[in-house]
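Dear colleague,

Here is the structure I said I would pass on, with its sequence. My notes on it follow below.

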Amino acid sequence: SWSTGNIIEEHVQRIREQVGSASVICGLSGGVDSAVAAALVQRAVGDQLTCVFVDHGLLREGEAEQVETDFVAATGVRLHVAEEKERFLGALAGVTDPEQKRKIIGREFIRSFEAAAEEVARSAAQEGEPVRFLVQGTLYPDVVESGGGEGAANIKSHHNVGGLPEDLQFELVEPLRTLFKDEVRAVGRELGLPEEIVGRQPFPGPGLGIRIIGEVTEDRLAVLRRADAIAREELTRAGLDEDVWQMPVVLLADVRSVGVQGDGRTYGHPIVLRPVSSEDAMTADWSRLPYDLLARISNRITNEVEEVNRVVLDVTSKPPGTIEWE
Ligand code: XMP
């Protein structure tokens, strides 16, 4: 539309002024925001951009492959993949406090970008010039809820705002900082990104790390990843992806309850389904999903994921609950 076109033109100009002829990296998370930010910067400075995908080990099933194929196919951007699972899981070992997790993840993202920037600078395309700029897909609500808005309380530190380390070496380029999600999607469509990217449900940068209530370990990640894949598959099969803003699937890793599976007693973990409907994630309501869909998800998770013997539904709006549990 006319106004979306204007937003794009204005940001393209601003990005060019900020960046000049320097090289730039952009963190891609697989989500809508970072994809649109990257596409906007690519429009502005073309080949000066290298995208960096940090595989932090906190991703959902199939997510790494999706970034590596969908986004690169759509934009032809140069992609650097950083395998950083050990760095993140090492830093998160023993940590249970949600804000501490968020700050650790924010910091380790930056450390990963620093390492990636050195490799990018050494690459032939950048001729040894250091990378000064880091593009992030920060949205207006991320800023507000991290306590960056006027008079705002710190609800939680989004990894790319309140979770940034103080000794940040990069200058940030954040073209979406004044926009809401629906505007970001419109910009993405106008830039020609495919619907599989712009229509995607939101997924937080800290990934499954903030959906395991308790310490994050590889075993727990494997359990949550399987439960999440089942829930997403059934939601899609029911044709309800577009009716739901997003559906966090949460593992209560430190809670156990008694169950009976086969002919034996079990003492397993609950999985929480948190489907919400929302306009901009600032407020939300719990989605009234059909009972037969909920039953299918519950049956499949308890049958197919051995460690889980109970599935519960979160029926809290935001406020008072937030969308994510941490
Ligand atoms: P809450 O839990 O604050 O979530 O109601 C609002 C929206 O933001 C997403 N979210 C994040 N996204 N980094 C992100 O990129 C973060 O640290 C983060 N924390 C929450 C959440 O999934 C929801 O869409």
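Val260 stands opposite Arg265 in β9. That pair belongs to the antiparallel ladder between strand β8 (residues 257-261) and β9, which is held by five bridges. The two strands form a hairpin with two residues between them, and Gly262 in the turn has a positive phi of about 65°. Please keep in mind that this is a predicted model.

β9, which spans residues 264-273, has further partners. Strand β7 (residues 249-252) pairs with β9 in the antiparallel sense over three bridges, and here Val249 stands opposite Leu273. Strand β12 (residues 308-313) also pairs with β9, but in the parallel sense, over five bridges. In that ladder, His269 of β9 has Val308 as its bridge partner.

Which residues does Leu273 touch, leaving aside those up to four places away in sequence? They are Ala231, Met247, Val249, Ile297, Val311, Leu313 and Asp314. Leu273 lies in strand β9 and counts as buried because 23 other C-beta atoms are found within 10 Å, where 20 or more are required. Leu313 is 40 residues away along the chain, yet its C-alpha atom is separated from that of Leu273 by 5.0 Å.

Some backbone details are worth a look on your screen. In the segment after β12 there are two prolines to check, Pro319 and Pro320. The peptide bond between Lys318 and Pro319 is cis, with omega about -15°. The bond between Pro319 and Pro320 is cis as well, with omega about 10°.

Ala281 is a residue other than glycine with a positive phi, near 70°. Ala281 sits in the loop between β10 (276-277) and β11 (285-286). Is Ala281 buried or exposed? Ala281 has 20 C-beta neighbours inside 10 Å, and the threshold for buried is 20 or more, so Ala281 counts as buried.

On the helical side, I looked at α7, which covers residues 181-190. Its buried residues are Lys181, Val184, Arg185, Ala186, Val187 and Gly188. An α-helix has 3.6 residues a turn, so residues three or four places apart point the same way. In this helix, Lys181, Val184 and Val187 are among the buried residues, as are Lys181, Arg185 and Gly188. The elements that cover the buried residues of α7 include α1 (2-19), α2 (32-45) and α8 (195-198). Just after α7, Gly192 takes a positive phi of about 90°.

The domain assignment divides the protein into domain 1 (2-198) and domain 2 (211-313). The C-alpha centres of the two domains lie 28 Å apart. How many residues of each domain are in contact with the other? Twelve residues of domain 1 contact eleven residues of domain 2. On the domain 1 side, the residues that touch domain 2 comprise six nonpolar, three polar and three charged. By these bounds, α7 (residues 181-190) falls within domain 1, while β9 (residues 264-273) falls within domain 2.

The model also holds a ligand, with 16 residues around it. Of these, Pro204, Gly205, Thr322, Ile323 and Glu324 come nearest. By class, the shell around the ligand has six nonpolar, five polar and five charged residues.

Last, the overall figures. The protein has ten helices and twelve strands. Its radius of gyration is 20 Å, close to the 20 Å that the globule rule gives for 326 residues, so the protein is as compact as a globular protein of that length. The C-alpha atoms fill a box of roughly 65 × 45 × 40 Å along the principal axes. Of the 326 residues, 42% count as buried. Among contacts with a separation of 6 or more, 75% are between residues 24 or more positions apart.

If you open one region before the others, I suggest β9, with its ladders to β7, β8 and β12.

Regards

Definitions and conventions
Residues numbered from 1 in each chain as written. Predicted model: local features only at pLDDT ≥ 70, side-chain atom pairs only at ≥ 80, totals over all residues. Near = placed C-beta within 6 Å. Nonpolar A, V, L, I, M, F, W, Y, C, P; charged D, E, K, R; others polar. Helix = DSSP H or I, 4+ residues; strand = E, 2+ residues; numbered from the N terminus. Rg over C-alpha atoms; globule rule 2.2 N^0.38 Å. Buried ≥ 20, exposed ≤ 12 C-beta atoms within 10 Å, placed from the backbone. Contact = placed C-beta atoms within 7 Å. Pairing = 2+ DSSP bridges. Domains from an automatic or database assignment.
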